[in-house]
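Welcome to a short set of exercises on reading a protein fold. Keep the structure open beside you, try each task, and then follow the solution step by step.

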Amino acid sequence: MYPWLEQDYQQLAAIHQQGRLHHGLLLVGHQGLGKHELAKELARLLLCQQPQQGKACRICKSCLLEEAGSHPDYHWLESENQVGIDLIRGASNKLAGTAQMSGHKVLVIDNAHRMTDAAANALLKTLEEPTAKTHILLLADSIDAMLPTIISRCHKLVLTPPAQDLLENWLGQYQLQPESRIVRLYGHAPLALKALLETPPELNFTQVLEELKALDAGQRSLAKVCDGWEKDAAQVLNWLQHWLLERCQQKPEPVIFSLYSQTLEGVKNLSVNGVNKSLLLGRVIQSVLKAGLLKRS
Ligand SMILES: [Zn+2]
């Protein structure tokens, strides 16, 4: 278990040991924080036939089936895009009978924040009238878009990112020693940070800043630069956000807040189907140039 989630796991394991674990558990945390690992470890514990000291034994029949990915009472539901009603109905049906292994039944719903309203309403019934020994683990990046009725029927646990020194220690175990500005930027998503450090993106922060300065000096064409950055659009907006935050720490100005919300909006709009990423990026960068912040950096 990742060290920053150890305490959450221990707490849930203890509640389970007392037989008080809520049948609907909502784990909320940023992508790259380790929700999957926490859910898997908890599922193993719930399925294990002879758990020891709050941990799955890893040797009973149930544990071996889980390890092999063929436990009949363990269902992991995920979807690339929205989580639709058919998926939820299918999963609810699997929970309907008694457990085949005489233990608990576990359903994990990944990206639960992407459930459609119809899917969420279908799930409500299962949450309201759970079959015996059933646990539903909902994993969500945020609860903003989730139906309040779903949230209120679950025990909600908001996972917190590691403190900077804990994160640096953890990364150190992999011989990774990032600059502290990078740790600050990705501290909320340690797994994403580790992946980023192990496979650095082609485009780095310094390159982006250099190009922006060249654009500002009129030495580049905005359209051409943005075309070149199209596939890295999310990364560029991410770097921009970071740069704006740093600027804001030095000297808070209303224009920085406004630009920051533009980058946030930009990141959100990047995932809209068929969006012209180069154009979207161009609009944000134009606002940054217009604000004259680069001349002062
Ligand atoms: Zn076991």
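**Exercise 1. In this predicted model, find out in which sense strand E2 and E3 pair, and over how many bridges.**

Solution.
- Step 1: Locate E2 at residues 74-77, then look across to E3; the two strands pair in the parallel sense, over four bridges.
- Step 2: Check one bridge for yourself: Leu77 has Ile109 in E3 as its bridge partner.
- Step 3: Trace the chain from E2 through H4 to E3, and you follow a β-α-β crossover that is right-handed.
- Step 4: Now turn to E4, which pairs with E3 in the parallel sense over five bridges. Here Val108 stands opposite Leu137 in E4.
- Step 5: The path from E3 to E4 goes through H5, and this β-α-β crossover is right-handed.

**Exercise 2. Decide whether the residues of E3 are buried or exposed.**

Solution.
- Step 1: Apply the cut-off: a residue is buried if 20 or more other C-beta atoms lie within 10 Å of its own.
- Step 2: Look at one side of E3, where Lys105, Leu107 and Ile109 are buried. Val106 and Val108, on the other side, are buried as well.
- Step 3: Draw the conclusion: five of the five residues of E3 are buried, so the strand is largely enclosed by the rest of the structure.

**Exercise 3. Work out which residues touch the most other members of the largest nonpolar core, and which element gives the most to it.**

Solution.
- Step 1: This core has 37 residues, and Leu27, Ala43, Leu137, Leu138 and Leu139 touch the most other members.
- Step 2: List the suppliers: strand E1 (24-28), helix H2 (35-47), helix H4 (85-96), strand E3 (105-109), helix H5 (117-128) and strand E4 (134-140) each provide at least two residues. H2 gives the most, with seven residues.
- Step 3: Zoom in on Ala43: leaving out residues up to four places away in sequence, Ala43 touches Tyr74, Val106, Val108 and Leu137.
- Step 4: Look for a second, separate core; it has 18 residues, including Leu215, Leu240, Leu281 and Val288.
- Step 5: Relate this to a broader pattern: in soluble globular proteins, nonpolar side chains tend to be buried together.

**Exercise 4. Check the span of helix H14, and explain why its buried residues line one face.**

Solution.
- Step 1: H14 covers residues 277-290, which is 14 residues. At 1.5 Å a residue, counting one less than the number of residues, the helix should span 20 Å, and its end C-alpha atoms are indeed 20 Å apart.
- Step 2: Mark the buried residues of H14: Lys277, Leu280, Leu281, Val284, Ile285 and Val288.
- Step 3: Look down the axis of H14; the buried residues fall within an arc of 125 degrees, so they line one face of the helix.
- Step 4: Recall the geometry: an α-helix has 3.6 residues a turn, so residues three or four places apart point the same way.
- Step 5: Compare the two sides. The buried residues of H14 pack against helices H10 (205-216), H11 (222-228), H12 (233-250) and H13 (254-270), while the face turned away carries the exposed residues Leu279 and Lys290.

**Exercise 5. Describe the surroundings of Lys156 in strand E5.**

Solution.
- Step 1: Find Lys156 in E5, at residues 155-158.
- Step 2: Count its neighbours: 15 other C-beta atoms lie within 10 Å, so Lys156 is partly exposed.
- Step 3: Setting aside neighbours within four places in sequence, Lys156 is in contact with Leu26, Val28 and Ile151.
- Step 4: Finally, find Gly24: Lys156 and Gly24 are 132 residues apart in sequence, but 8.6 Å apart in space, C-alpha to C-alpha.

Key:
Residues are numbered from 1 along each chain as its sequence is written. This is a predicted model: local features need pLDDT of at least 70, side-chain atom pairs count only at pLDDT 80 or more; totals for chains, interfaces and linings use all residues. A nonpolar core is a set of buried Ala, Val, Leu, Ile, Met, Phe, Trp, Tyr and Cys residues joined through C-beta atoms within 7 Å. A residue is buried if 20 or more other C-beta atoms lie within 10 Å of its own, exposed if 12 or fewer, and partly exposed in between; C-beta atoms are placed from the backbone. Two residues are in contact if their C-beta atoms, placed from the backbone, lie within 7 Å. Two strands pair if DSSP finds at least two bridges between them. A crossover is right-handed if, with the strands pointing away from the viewer, the path from the first strand over the helix to the second runs clockwise. The arc is that of the directions from the helix axis to the C-beta atoms.
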